[in-house]
Amino acid sequence: MRLSKTNLTIIGIVPIVFGLIIMYNFWTAIQALYPRGMTTYLVFDQLVAIGAAVLLGASIYWGILIYYIYLLQENEVLIQNNFSQLAGSGTKHLESAKKLINQVLADIKASEKLKSQ
């Protein structure tokens with residue numbers, strides 16, 4: 001199945017938007033606990049940095065993955081075109097080889113007729 005550029009764009013952007021929504025919910029959760037001095041108070045800055053790093057890393061990973069899918073599809077088209085060209089040239093070689101074999105067989109038959117006379 002070949003995906004269009006529009007489908008690849010949608011597949012690439014939608015998970016990143018979901019990631020932003022998840023990051024926003026994470027941010028609001030740790031913000032709610034921060035003023036109360038609860039468990040996240042001491043590691044608030046680290047949680048923000050970890051959340052941002054995870055979102056950034058996952059977004060980059062997902063973008064690269066979608067780009068690789070696009071490249072695979074483009075290479076598949078290129079390989080199929082090259083295969084068609086090579087198959088065509090292979091057919092030409094087989095036809096010329098068949099002609100040469102028929103010519104050799106005809107020469108052998110002609111030489112056998114000359115020997116028998």
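**Questions about a pocket, a patch and two residues**

Modeller: In this predicted model, the lining of the largest pocket draws at least two residues from each of two helices, H1 (5-33) and H2 (44-116).

Biologist: Which residues line the largest pocket, and what is the volume of the largest pocket?

Modeller: The lining consists of Pro15, Ile16, Gly19, Ile22, Met23, Phe26, Gly51, Val54, Leu55, Ala58, Ser59 and Trp62, and the volume of the pocket comes to about 180 Å³.

Biologist: How do the lining residues divide into nonpolar, polar and charged?

Modeller: There are 9 nonpolar and 3 polar residues in the lining, and no charged ones; Gly counts as polar here.

Biologist: Why is Gln73, which is found in helix H2, called buried?

Modeller: Buried means under 20% relative accessible area, and Gln73 has a relative accessibility of 7%, so Gln73 counts as buried.

Biologist: Why is Ile21 called partly exposed?

Modeller: The term covers values between the limit for buried, under 20%, and the limit for exposed, over 50%; Ile21, a residue of helix H1, has a relative accessible area of 44% and is therefore partly exposed.

Biologist: Which residues form the nonpolar patch on the surface, and what accessible area do they have together?

Modeller: Ile21 belongs to this patch together with Ile10, Ile13, Val14, Val17 and Phe18, and their accessible area together is about 530 Å². Patch residues need over 30% relative accessible area, and Ile21, at 44%, therefore meets that condition.

Biologist: How far apart are Gln73 and Thr28 in sequence and in space?

Modeller: Gln73 and Thr28 are separated by 45 residues in sequence, and their C-alpha atoms lie 40 Å apart in space.

Methods
Residues numbered from 1 in each chain as written. Predicted model: local features only at pLDDT ≥ 70, side-chain atom pairs only at ≥ 80, totals over all residues. Heavy atoms only, no water. 1 Å grid on protein atoms, 1.4 Å probe; cavity = no way out; pocket = protein on both sides within 12 Å on 5 of 7 lines; lining within 4 Å. Points joined across faces, edges and corners; volume = space filled by probe spheres on them. Helix = DSSP H or I, 4+ residues; strand = E, 2+ residues; numbered from the N terminus. Patch = residues over 30% accessible without salt bridge, like charges linked within 9 Å, V, L, I, M, F, W, Y side chains within 5 Å. Areas by Shrake-Rupley, 256 points an atom, 1.4 Å probe, with all protein chains shown as cover. Salt bridge = Lys/Arg side-chain N within 4 Å of Asp/Glu carboxyl O. Buried < 20%, exposed > 50% of the residue type's maximum accessible area, 1.4 Å probe, protein only.
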